Every structure is written in structure tokens, then in C-alpha cells.
Amino acid sequence: MKTIAIIYHSAHGHTAHIARHVLEGAQGVCGIHAELRQAEDLAHAPDSLLHYDGFILGSPTYLGGVSGPFKTFMDATGRLWKTQQLKNKLAAGFTVSSLPAGDKQSTLLSMWVFAMQHGMVWVGNPILPEQHTGVPYDEAANRLGSWSGLMAQAGHGAAADAFVPGDTKTARMFGQHFAETLLRLGGVAAHQPAEAVAA
């Protein structure tokens, strides 16, 4: 059984809503156990990350980057970075903003750099934008055309669940793809000696 932590911060519920759809997609894959973890909690217990095989990181985009609480979580993993205990684990990212662009790419890039510094393996978003095949824009998977991770959009001041169907569908597909990739690639924990890997 492979384990996934969907680590997120959500100030107004929008990122949490997308996280639940990502979770649904991941849990639908046989051989996967996935669970939601709040970044604020993990900032106080970063060692608990060692129990997972993969991480899907989620934050709203605030001023072109991750939120303050999510950055606090990332900074709290410094001790694990020094010993590279997260090396070879899989990682991916998603973000939400109120505009179609909103500099969400900068948020995903900060997550990518975080994963790279820990020696993790990044999983992107290979879902082709469905509007190119005639699916109505609001119903299309990956309608925002993001390849580095999952992007979703909720209108400013909208209810936490006020996403178009395409974004929630993309979230489920994204979670499923990550889980399937984790099963296919596995992953070798950094603390395992080379002899154990060879065996």
C-alpha cells in the first residue's frame, strides 16, 4: 500500500474544496491510501512526512506565491532537508486563485523548487485541455492549460464550492494520475541503505 498526503492551506475554503476532489481521485486507485493534511498542523510536526510515499501540495495564490501558512510549513522542513530524508519521494502541486491567470505559475514554481531542494521527483499535469476537442470551456478538463501542476479558479468572494465542473473534474483526474504514477514508479526512501535497495 502506497501512502499520499495531500498537504494544503485554505483560508476561505476554496483550496480545501479542490483538495477534497484531488483526494477523491487518488483514493479511487487500488493500492493507494490518501489523506488530507493541513499545512498548519504539519508545520509543528514535519517528521510525520516520513510516513508518506508522496505529497500533493496545495495553496491559494496570494500575491503571486504560496500563502504565509504554507510557506511556514515549507520552512519547517529544514531539518529534513539537511538529511535529505524526503529524497526520491513523489511530489505534485495545485493552486487556486480568483483570476484565470493570477500568477498561479509562480506558486507552482515555488512548490517545485521546494520539492527539488528535498530531492523529490515532481509529477506534472499531463491532462490535455478538453476544450480543444469540443467540450464546453467550463466543463473541460485542464481548461486553464497548466502543465506544471493543477490550477483552479474561483471568483473573488465566491462560495467555497463555486467552481466550474471542469476544475473539479481536473482535480479528480490529477489525483488519480498522481496515485497511478506513484504505483508505477514506486520510490526509494532516502534513509534506506543501498544494499536494501539492491535486494
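**Strand S4 and its partners**

Phe-55 has Ala-91 as its bridge partner in strand S4. The model is predicted, and the pairing just named is a convenient place to enter it. Phe-55 lies within the span of strand S3, which covers residues 54-60 and pairs with S4 in the parallel sense over 7 bridges.

Ala-91 also leads on to another strand. Its bridge partner in S5 is Trp-122. S5 consists of residues 121-122, and its pairing with S4 is parallel, with 2 bridges. Ala-91 thus has a named partner in S3 and another in S5.

Further along S4, the reader can turn to Thr-95, whose bridge partner in S6 is Met-151. Strand S6 takes in residues 150-153 and runs parallel to S4, with 4 bridges joining the two.

How many of the residues of S4 are buried? The strand runs over residues 90-97, and 8 of its 8 residues are buried, so to count as covered here each has under 20% relative accessible area. The side chains can be followed by direction. Leu-90, Ala-92, Phe-94 and Val-96 point one way from S4, while Ala-91, Gly-93, Thr-95 and Ser-97 point the other way. Both groups are buried. Ala-91 and Thr-95, the residues met above through their bridges to S5 and S6, belong to the second group.

From this strand the view can be widened to the chain. It holds 7 helices and 6 strands. Read from the N terminus, the order of elements is β-α-β-α-β-α-α-β-α-β-β-α-α. The radius of gyration is 16 Å, close to the 16 Å that the globule rule gives for 199 residues, so the chain is as compact as a globular protein of that length. Along the principal axes, the C-alpha atoms fill a box of roughly 55 × 35 × 20 Å.

The contacts and the surface complete the description. Among contacts in the chain with a separation of 6 or more, 77% come from residues 24 or more positions apart. Buried residues make up 48% of the 199 in the chain, whereas in S4 the count is 8 of 8. The chain exposes about 9100 Å², and 57% of that area is supplied by carbon and sulfur atoms. As for charge, the chain has 13 positive and 15 negative charges, and the mean positions of the two sets are 6 Å apart.

Conventions. Residues are numbered from 1 along each chain as its sequence is written. This is a predicted model: local features need pLDDT of at least 70, side-chain atom pairs count only at pLDDT 80 or more; totals for chains, interfaces and linings use all residues. Side-chain values use heavy atoms; hydrogens and water are left out. Buried means under 20% relative accessible area, exposed over 50%, partly exposed in between (1.4 Å probe, protein chains only). Two strands pair if DSSP finds at least two bridges between them. The radius of gyration is taken over C-alpha atoms; the globule rule is 2.2 Å times the number of residues to the power 0.38. Contact means heavy atoms within 4.5 Å. Accessible areas come from the Shrake-Rupley method with a 1.4 Å probe; for residues, only the protein chains shown count as cover. Lys and Arg count as positive and Asp and Glu as negative; His and the chain ends are not counted. The place of a charge is taken as NZ of Lys, CZ of Arg, CG of Asp or CD of Glu.
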